[in-house]
Amino acid sequence: MLRFWKKRFESSTLTDNLKFEAEHEKIKKELKSLVAKKFAKSLSIRMVDCGSCNACESECNALSNPYYNLDRLGISFVASPRHADILLVSGVNTFNMNPHIIDVYAQMPEPKYVVTIGDCTKLDESVFNKNFAIVGDIDKKIPVNYHIQGCPPEPNEIIQGLLNFLKTI
């Protein structure tokens, strides 16, 4: 038993992935500098679920935990579209949510940016494409600037997607 504990204290934590940690830190630094340069150190995101399974929302909730901590990078989720710089849309565009997503987009101040997240927002990749309650692709109703793929995308993929989007504007 003493040999086990001695070996355990001498070795590093087995859950550490040093290559991933270094890459993740590099991405976060670059994202923070882009937010500071393009949005005056404060990027506000309004997330709207148009009819998803909530998997994308749970991954976005993980972005606020102490490990990812987007607030430290200057990115925060807001409750009002009037305060938002980016509209983050998840899920399929359902009949009931279609007028609301158009209304939320109309309430956003200029410049308006829309990022879709998850495979459900692209009907050709979705299992819901032939359903009476589905209106159609979101990009047919409001202009979409960027799409983050995945079902659901992991938090590090969402961060990488936001970084790639900020590089395009």
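Reader: In this predicted model, how many of the seven residues of strand 1 (residues 43-49) are buried?

Author: Strand 1 covers residues 43-49 of this predicted model, and the rest of the structure largely encloses this strand. That description follows because, among the seven residues of strand 1, the number that count as buried is five.

Reader: Which strand pairs with strand 1, and in which sense, parallel or antiparallel?

Author: The pairing runs over three bridges, and within it Ser-44 stands opposite Ser-76. Ser-76 belongs to strand 2, which comprises residues 75-77. The partner of strand 1 is therefore strand 2, and the sense of the pairing is parallel.

Reader: What pattern do the helices and strands follow along the sequence?

Author: The secondary structure of the chain comes to five helices and five strands. Read from the start of the sequence to its end, these elements follow the pattern α-α-β-α-β-β-α-β-β-α.

Reader: What percentage of the residues in the chain are buried, and what box do the C-alpha atoms fill?

Author: The chain has 169 residues, and the buried ones make up 40% of them. Taken along the principal axes, the box that the C-alpha atoms fill is roughly 65 × 40 × 25 Å.

Reader: How many salt bridges does a search of the whole structure find?

Author: Side chains of opposite charge can pair when their charged atoms come close. In this structure Lys-28 pairs with Glu-25, Lys-167 with Glu-30, and Asp-137 with Lys-140. The search of the whole structure gives a total of three.

Reader: Where in the chain do Lys-28 and Glu-25 lie, and by how much of a helix are they separated?

Author: The side chains of Lys-28 and Glu-25 meet in a salt bridge, with a distance of 3.3 Å from N to O. Lys-28 counts as buried at 6% relative accessibility, whereas Glu-25 counts as partly exposed at 37%. Because both residues lie in helix 2 (residues 18-39) and are three residues apart, their separation is about one helical turn.

Reader: Which salt bridge ties together parts of the chain that are 137 residues apart in sequence?

Author: Lys-167 and Glu-30 form a salt bridge in which the closest N and O atoms are 3.2 Å apart. Lys-167 lies in helix 5 (residues 155-168) and Glu-30 in helix 2, so this contact ties together parts that are 137 residues apart in sequence. Both partners are partly exposed, Lys-167 with a relative accessible area of 45% and Glu-30 with one of 29%. The salt bridge asked for is therefore that of Lys-167 with Glu-30.

Reader: In the salt bridge of Asp-137 with Lys-140, is Asp-137 buried or exposed?

Author: The closest N and O atoms of Asp-137 and Lys-140 are 3.7 Å apart. Lys-140 counts as exposed at 64% relative accessibility. Asp-137 has a relative accessibility of 16%, and because the cut-off for burial is under 20%, Asp-137 counts as buried.

Reader: How far apart are the end C-alpha atoms of helix 5?

Author: Helix 5 has 14 residues and, at 1.5 Å a residue, should span 20 Å. Its buried residues include Pro-155, Ile-158 and Leu-166. The expected span agrees with the model, because the distance between the end C-alpha atoms of helix 5 is 20 Å.

Reader: How much space lies in the largest cavity?

Author: Rolling a probe the size of a water molecule over the atoms shows where empty space is left. The structure holds two cavities of 30 Å³ or more, and the lining of the largest cavity includes Cys-53, Cys-56, Cys-120 and Cys-151. By class, that lining divides into seven nonpolar, four polar and one charged. The space in the largest cavity is about 70 Å³.

Reader: Which residues line the second largest cavity?

Author: The second largest cavity has a volume of about 30 Å³. Its lining has two nonpolar, two polar and two charged residues. The residues that line this cavity are Thr-116, Thr-121, Lys-122, Ile-138, Asp-139 and Val-144.

Reader: How far apart in space are Ser-90 and Gly-118?

Author: Ser-90 has its place in strand 3 (residues 86-90) and counts as buried at 0% relative accessibility. Gly-118 is among the residues that line the largest cavity. Although Ser-90 and Gly-118 are 28 residues apart in sequence, their distance in space, C-alpha to C-alpha, is 6.2 Å.

Note on methods:
Residues numbered from 1 in each chain as written. Predicted model: local features only at pLDDT ≥ 70, side-chain atom pairs only at ≥ 80, totals over all residues. Heavy atoms only, no water. Salt bridge = Lys/Arg side-chain N within 4 Å of Asp/Glu carboxyl O. Helix = DSSP H or I, 4+ residues; strand = E, 2+ residues; numbered from the N terminus. Buried < 20%, exposed > 50% of the residue type's maximum accessible area, 1.4 Å probe, protein only. 1 Å grid on protein atoms, 1.4 Å probe; cavity = no way out; pocket = protein on both sides within 12 Å on 5 of 7 lines; lining within 4 Å. Points joined across faces, edges and corners; volume = space filled by probe spheres on them. Nonpolar A, V, L, I, M, F, W, Y, C, P; charged D, E, K, R; others polar. Expected span 1.5 Å × (residues − 1). Pairing = 2+ DSSP bridges.
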